[in-house]
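Student: Could you take me through one part of this model up close? I'd like to hear about the strands and who pairs with whom, and then a word on how a pair of helices packs.

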Amino acid sequence: MSNAKSNRTEKTIDETSILQLMEFTMSGNSFGINVAKVTEIMRNTAITPMTLSHPCIDGIFKPRDRLITVINLPRYMALPENENLTDNMFMLTNFENTNAAFVVHTVEGMHRVKWSDVERPSSIIYGANDSVITGTVKIEDRLITIIDFEKVLYDINPETGLQISEVEKMGAREHSQKPVVVVEDSVFLRRMLLESLQVAGYENISEFDNGQDAWDYLVKCRDECLENITPIEKKVSIVITDIEMPRMDGHHLTKLIKNDNVLSKIPVLVFSSLIDDAQKQQGLSIGVNAHLSKPQIGMLVSTMDEYIL
């Protein structure tokens with residue numbers, strides 16, 4: 001009976017761990033983006049240039065009463081650009097409450113892949129601290145590189161990123177040694193998040209770049225608490241997790257936590273650029289305590305104060 005229940009649970013977890021990946025190309029190289037971030041695909045259209053803007057901003061245009069900034073992704077990635085602009089495609093996106101159109105060369109289609117099949121990028125190849133790559137996945141005979149679009153936006157317009165000033169405006173805060181677990185695959189976002197939480201007074205933070213490593217750590221904490229007969233909050237008082245991550249995504253991680261007799265009492269806050277009604281409904285169904293949209297760091301800190309054990 002227990003094995004049958006375990007199999008049913010694992011099957012359900014697998015369904016929460018599927019990435020809908022849109023494949024596109026630049027200069028013959030394959031790249032990917034979460035389909036949930038894409039609102040529309042358009043052929044190249046006339047745009048209005050912007051003076052004194054970032055070199056990677058081609059201009060703006062206004063389809064259906066929405067003013068959208070056009071970002072030249074090949075230029076940002078230091079890849080050759082199409083000589084004939086009419087060959088370009090526009091990939092319209094919405095995340096972190098920002099509308100943007102990214103210039104790409106072709107859009108190849110969509111794939112359903114397991115987050116467990118997404119590998120962490122090599123720090124040797126892509127760089128350790130400022131990589132714009134969050135993962136790679138092999139599909140058929142090609143390797144698809146998943147781009148950190150949040151970092152692209154931040155590099156072009158830092159105002160779209162986390163603002164430590166939001167925390168500073170909250171005034172003087174007491175220092176806390178409550179153990180916090182942060183799970184975020186983006187190197188630059190994780191660094192900014194840690195800095196913000198430290199300004200907020202949270203000094204005891206364990207960080208992970210994927211859900212699998214975080215889960216392994218939580219299991220270790222659970223086993224130590226059971227062995228020493230100590231409450232789990234002595235080891236982990238709250239978990240803050242992104243959704244999109246290689247090896248194991250945030251929803252899979254949450255479900256594992258909430259299905260565990262010991263770990264289930266730990267509050268799980270999802271801090272993601274993809275917070276829509278569907279994501280919230282899925283998160284609530286597996287036990288997420290609260291959803292916060294990036295880059296609202298002040299709201300995240302306030303919610304942590306409310307939920308932390």
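Tutor: Here is a walk through the strand pairings, followed by one helix pair. Keep in mind that this is a predicted model.

Let's start with strand 5, which covers residues 68-72. Is it enclosed or open? Of its 5 residues, 4 are buried, meaning under 20% relative accessible area, so strand 5 is largely enclosed by the rest of the structure.

Now for its partners. Strand 4 (residues 57-61) runs antiparallel to strand 5, and 4 bridges join the two. If you want a spot to click on, take Ile60, whose bridge partner in strand 5 is Thr69. Strands 4 and 5 make a hairpin, with 6 residues between them. Have a look at Arg64 in that turn: its phi is positive, at about 50 degrees.

Strand 5 also pairs with strand 7 (residues 98-104), this time in the parallel sense and over 4 bridges. Here Val70 has Ala101 of strand 7 as its bridge partner. As general background, strands of a sheet pair through backbone hydrogen bonds, either parallel or antiparallel.

Next, the open sheet. Five strands make it up, in the order 8-1-2-10-9, and the pairing is mixed. At the edges stand strand 8 (106-114) and strand 9 (133-139); each has a single partner strand, so one side of each is left without a neighbour in the sheet. On average, neighbouring strands of this sheet are turned by 35 degrees against each other, direction ignored.

The partner of strand 9 is strand 10 (residues 142-147), and these two pair in the antiparallel sense over 6 bridges. To find your way along that pairing, look for Thr136, which has Thr145 in strand 10 as its bridge partner.

And now the helices. Helix 7 takes in residues 211-228 and helix 8 residues 250-258; their axes are 9 Å apart and the packing angle is about 15 degrees. Since angles under 35 degrees count as roughly parallel, helix 7 is roughly parallel to helix 8. Their crossing is right-handed.

Which residues meet there? From helix 7 you have Gly211, Ala214, Trp215 and Leu218, and from helix 8 come Leu253, Leu256 and Ile257. Sorted by class, that contact has 6 nonpolar residues, 1 polar and no charged ones.

Note on methods
Residues are numbered from 1 along each chain as its sequence is written. This is a predicted model: local features need pLDDT of at least 70, side-chain atom pairs count only at pLDDT 80 or more; totals for chains, interfaces and linings use all residues. Side-chain values use heavy atoms; hydrogens and water are left out. Buried means under 20% relative accessible area, exposed over 50%, partly exposed in between (1.4 Å probe, protein chains only). Two strands pair if DSSP finds at least two bridges between them. Axes are lines fitted to C-alpha atoms, for helices over the stretch in contact, and angles run from 0 to 180 degrees between N-to-C directions. Angles under 35 degrees count as roughly parallel, over 145 as roughly antiparallel, 65 to 115 as roughly perpendicular and the rest as oblique. A crossing is left-handed if the near helix is turned anticlockwise from the far one by less than a right angle, and right-handed if clockwise. Contact means heavy atoms within 4.5 Å. Ala, Val, Leu, Ile, Met, Phe, Trp, Tyr, Cys and Pro count as nonpolar, Asp, Glu, Lys and Arg as charged, and the others, Gly among them, as polar.
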